[in-house]
Amino acid sequence: MNESIKAKNLTAQLQYRAAGNPPSTHPNSAISNAFPGLEMDFRNVWRRILEGIQLHEATNFVMTVDDAADPELRILETGWRLISVVDSEVMGDVTGPLIAGGPSVILPDTTFGDTKMPLEWSNALAEVLHNHAGQKVRCKFQSVTDASKVLEFDLRIRHFFEHVVSRGENVKQAVISKELAPPGELTQSLCSPWQSDYRECACFYWAATRPDYVNVEPGPNGTSIGQNWMQKDRNPNGPKVYLPDDWMDPGLVDYRDLYRDWEKSLRFVVEGVDEKPPEK
C-alpha cells in the first residue's frame, strides 16, 4: 500500500519544498534573515508583533496605534521608541573604529548621536516570541526627545503562525499570521522600480541577492585585492582596485544605468569571477 508522508510539525513544514518550486522559494535561500531578495521584505512581519501598536520595520520607533487599542496607548504616537520586551533589550551598543585602523570604540549613530542602536527584529524578538507568544508582557518605551522619560505597558505578543482547528485541536500552520502581515504588507517596502534594489539605499543595504566583492585575488600580508561589483570598468584581468560604495561616484553603476540599461549593467558572477563583458 502506497501512502504519502505528510509533514505535521512546524519544523518539518518549514523545511519542505514542494515539487516544482525552485530553490529560491525556500527561506534558506535568503541572503540574510531580513531580506530574502526581490520577493519580500521580511522585516515587515515584526511591525505588528505587539498587539495594539505598529513599529517601524527597521527601527524601534512606534509608528502608530491601532484604532481598537487602549486609548492610553495614544501617547506612544507622540514620539516614543520600544527599548525592551519582558527583560530583553531591543537596543545595544555598536563598537568599531571611527577611522580606518583606529581603536574600537562605541559608535554613535549619525542622526541623533545616540550610542544605543536598535537590533534587527528577528534577533531581538525570536526568544521572546518563542517563550511568550499569546501572552501579555511588560514593554518599556522611551521618549525620543527626552531619554529620562520612560513608559511601561502590558502588551500581548501575537502568534507568528496561523492557527487552525483540526479534529478539535488548535494546530499551527507554517503560514505567517494575517494579524502580523495582512495581504500586501510583505512587499510594500521593496523598491520601485525593481532595479533600485541593486543600487541599495546608501546605508549598506540591498534587497537583491547580489555579490559585492568580486574578481578577488590574494594580496600581500594575508590581505586580498578585488573589485566592487558595481564598478563600471571592472575587468577580471585588469588592475584590482576596489571603489568604496558611494552612489554619487560616477565610476559606479547608478540608478539611471539600472533603469535604462540594466541588461548590460548587471552581469553574472561565476565562482567569484565576472562573466565576459557583453559585445558592443
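**A hairpin to start with**

How many residues lie between β13 and β14 in their hairpin, and which residue in the turn has a positive phi? There are 5 residues between the two strands, and N221 is the one in the turn with a positive phi, at about 60°. Bear in mind while you look around that this is a predicted model.

The hairpin strands themselves, β13 (residues 213–218) and β14 (residues 224–228), run antiparallel and are joined by 4 bridges. P218 sits opposite S224, which belongs to β14.

**The overall picture**

Zooming out, the protein has 4 helices and 16 strands. Its chain is 280 residues, and 33% of them count as buried. The exposed surface of the protein comes to about 17,800 Å², with carbon and sulfur atoms supplying 54% of that area.

As for how the chain comes back on itself, take the contacts between residues at least 6 apart in sequence: 46% of them join residues at least 24 apart.

**An open sheet**

Four strands make an open sheet, and the order is β4-β3-β9-β10 with antiparallel pairing. β4 (88–89) and β10 stand at the edges with a single partner strand each, so one side of each has no neighbour in the sheet. In general, strands of a sheet pair through backbone hydrogen bonds, in either a parallel or an antiparallel arrangement.

At the β4 end, β3 and β4 pair over 2 bridges, again in the antiparallel sense. V85 has S88, in β4, as its bridge partner.

**Two nonpolar cores**

The largest nonpolar core holds 34 residues, and those with the most contacts inside it are W46, I53, L76, L82, V85 and F141. So V85 turns up twice: as the bridge partner of S88 and as one of the best-connected residues of this core. Several elements supply at least two core residues each, namely β1, β2 (62–65), β3 (80–85), α2 (121–132), β9 and β10. The largest share, 5 residues, comes from α2. Apart from this core lies another one, of 8 residues, with V214, M230, V253 and L258 among them. As background, nonpolar side chains in soluble globular proteins tend to be buried together.

I53 is a handy place to centre your viewer. Leaving out neighbours within four places in sequence, I53 is in contact with R47, R48, V62, T64, V65, D66, L73, L76, F141 and L155. Two of those, L76 and F141, are also on the list of residues with the most contacts inside the big core.

**Salt bridges, buried and less so**

The whole structure contains 15 salt bridges. One of them pairs R47 with E185, whose closest N and O atoms are 2.9 Å apart. R47 belongs to the loop between α1 and β1, whereas E185 belongs to the loop between β12 (169–176) and α3 (196–199), so this pair ties together parts that are 138 residues apart in sequence. Is the pair buried or exposed? R47 counts as buried because its relative accessibility is 10%, and E185 is buried too, at 9%.

The E152–R138 salt bridge has an N to O distance of 2.7 Å. This one links strand β10 (residues 150–156), home of E152, to strand β9 (residues 136–143), home of R138, across 14 residues of sequence. E152 is partly exposed, with a relative accessible area of 38%, and R138 is partly exposed at 39%. Both belong to a network of salt bridges that links R138, K140, E152 and D154. Another pair is mixed: R256 and D254 form a salt bridge at 3.1 Å, with R256 exposed at 53% relative accessibility and D254 buried at 14%.

**N44, tucked away**

Finally, have a look at N44, in the loop between α1 (10–15) and β1 (53–55). Why does N44 count as buried? Because its relative accessibility is 0%, while the cut-off for buried is under 20%.

Not counting residues up to four places away in sequence, N44 touches E57, L180, E185, L186, Q188 and S189. E185 is a familiar name here, since E185 is also the salt-bridge partner of R47.

Note on methods: Residues are numbered from 1 along each chain as its sequence is written. This is a predicted model: local features need pLDDT of at least 70, side-chain atom pairs count only at pLDDT 80 or more; totals for chains, interfaces and linings use all residues. Side-chain values use heavy atoms; hydrogens and water are left out. Buried means under 20% relative accessible area, exposed over 50%, partly exposed in between (1.4 Å probe, protein chains only). Contact means heavy atoms within 4.5 Å. Accessible areas come from the Shrake-Rupley method with a 1.4 Å probe; for residues, only the protein chains shown count as cover. A salt bridge is a side-chain nitrogen of Lys or Arg within 4 Å of a carboxyl oxygen of Asp or Glu. A nonpolar core is a set of buried Ala, Val, Leu, Ile, Met, Phe, Trp, Tyr and Cys residues joined through side-chain atoms within 4.5 Å. Two strands pair if DSSP finds at least two bridges between them.
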